[in-house]
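Please work through the exercises below with the sequence and the model at hand. Each task is followed by a stepwise solution.

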Amino acid sequence: MNTPSTLAAFAATLAVVFGASAGAGRLVGPVGAATPEAAAAASADGHADGGHEPAPDTAPAGGLDVGGLSVAADGYALRLARSTAPAGRPFRLEFTVTGPDGAPLVEYTRAHEKDLHLIVVRRDLTQFSHPHPTRDDAGRWSLPLTLPEPGTYKIIVDFTPAGRDSALTLAADLTVPGPYAPAPLPPPSLTAQADGFTVSLDGGLTAGRSSELAFTVRRDGRPVTDLDPYLGAYGHLVVLRAGDAAYLHVHPEESDAAGPEVVFAADVPAAGTHRLFLDFSVDGVVRTAELTVHAGAGGDPAGGSAGEGHGEDGHS
Ligand SMILES: [Cu+2]
């Protein structure tokens with residue numbers, strides 16, 4: 001759909017002074033403060049200021065948190081060089097990730113073969129791409145991009161700073177001015193067409209747990225067994241939640257088979273509608289299958305059903 005343009009971009013002639021914003025970052029208070037509930041509990045037992053009690057465990061039950069709802073976390077921040085972009089014309093997307101010292105981060109721990117994964121998606125989840133930008137020695141990431149339609153896009157970055165044992169997902173908005181016609185999400189479906197391939201989903205999303213998602217890729221009705229390795233697996237899955245475009249944590253399951261089945265586990269904190277984007281590669285070309293899936297409540301044994309009550313043909 002909106003593949004990154006290969007046109008040579010206009011060189012960014014704006015002098016973007018990243019250093020100037022570093023001071024502003026100091027206004028941000030300590031990150032990771034206890035939740036109000038935890039603070040209330042600490043006050044209630046009279047040890048709020050004691051300093052000897054172990055910190056309350058504020059992690060969500062089961063660790064089913066989402067990412068991509070904040071421009072800054074744990075001292076790291078995503079800083080876009082621009083906040084608007086033209087519709088339908090190539091431009092250069094540039095950004096840095098700044099670390100706790102305010103300087104652009106230059107050392108990363110690679111995950112799925114990349115230092116940083118970038119998701120560009122319109123907030124109605126109907127425009128999606130997962131390109132991989134390049135980074136210069138100063139820590140500035142960039143790539144040529146064309147956003148075909150107006151709207152507010154979310155720029156999501158998923159990365160692990162060197163020396164840190166968990167990934168961070170930050171996000172910032174990039175607005176494309178112009179008449180905006182939000183598109184409704186396609187109805188839930190268990191199949192999607194992608195560039196001549198049919199992708200079908202076995203499994204679903206259930207709130208409050210890690211949900212297994214098994215995709216089968218077929219071409220002309222025949223199972224595809226020669227998927228290319230892509231990003232350290234035979235596919236890469238991104239799951240975004242409708243309403244806030246939150247980014248769910250997804251893990252590929254190890255497999256030596258190059259298809260037709262590709263399996264993932266997704267952490268689903270809450271019921272609701274989600275959009276799944278499966279990137280897979282055949283014959284050296286990456287394609288994206290997109291499906292809408294509803295996450296059922298945890299107590300619902302049939303949770304995660306997709307396609308129920310919808311007679312659509314699964315076109316996405
Ligand atoms: Cu990626």
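Two exercises on strand pairing and burial follow. The model is predicted: local features need pLDDT of at least 70, side-chain atom pairs count only at pLDDT 80 or more, and totals for chains, interfaces and linings use all residues. Residues are numbered from 1 along each chain as its sequence is written.

**Exercise 1.** Determine the strand order of the five-stranded sheet and name its edge strands.

Solution. Strands are DSSP runs of E of at least two residues, numbered from the N terminus. Two strands pair if DSSP finds at least two bridges between them.
- Step 1: the order is 1-2-3-7-6, in an open sheet with antiparallel pairing.
- Step 2: strand 1 (72–73) and strand 6 (134–135) each pair on one side only and are the edge strands.
- Step 3: six bridges connect strand 3 (residues 91–98) with strand 7 (residues 140–145) in the antiparallel sense; Phe91 stands opposite Leu145 of strand 7.

**Exercise 2.** Describe the three-stranded sheet, then establish how strand 14 is covered.

Solution.
- Step 1: the open, antiparallel sheet has the order 14-17-18.
- Step 2: its edges are strand 14 (236–241) and strand 18 (285–295), each paired on one side only.
- Step 3: strand 14 runs antiparallel to strand 17 (residues 272–282), joined by six bridges, and His236 faces Asp279 across this pairing.
- Step 4: six of the six residues of strand 14 are buried (20 or more other C-beta atoms within 10 Å of the residue's own, with C-beta atoms placed from the backbone).
- Step 5: one side presents His236, Val238 and Leu240, the other Leu237, Val239 and Arg241; both faces are covered.

How values were computed
Helices (H or I, at least four residues) and strands (E, at least two) are DSSP runs, numbered from the N terminus. A residue is buried if 20 or more other C-beta atoms lie within 10 Å of its own, exposed if 12 or fewer, and partly exposed in between; C-beta atoms are placed from the backbone.
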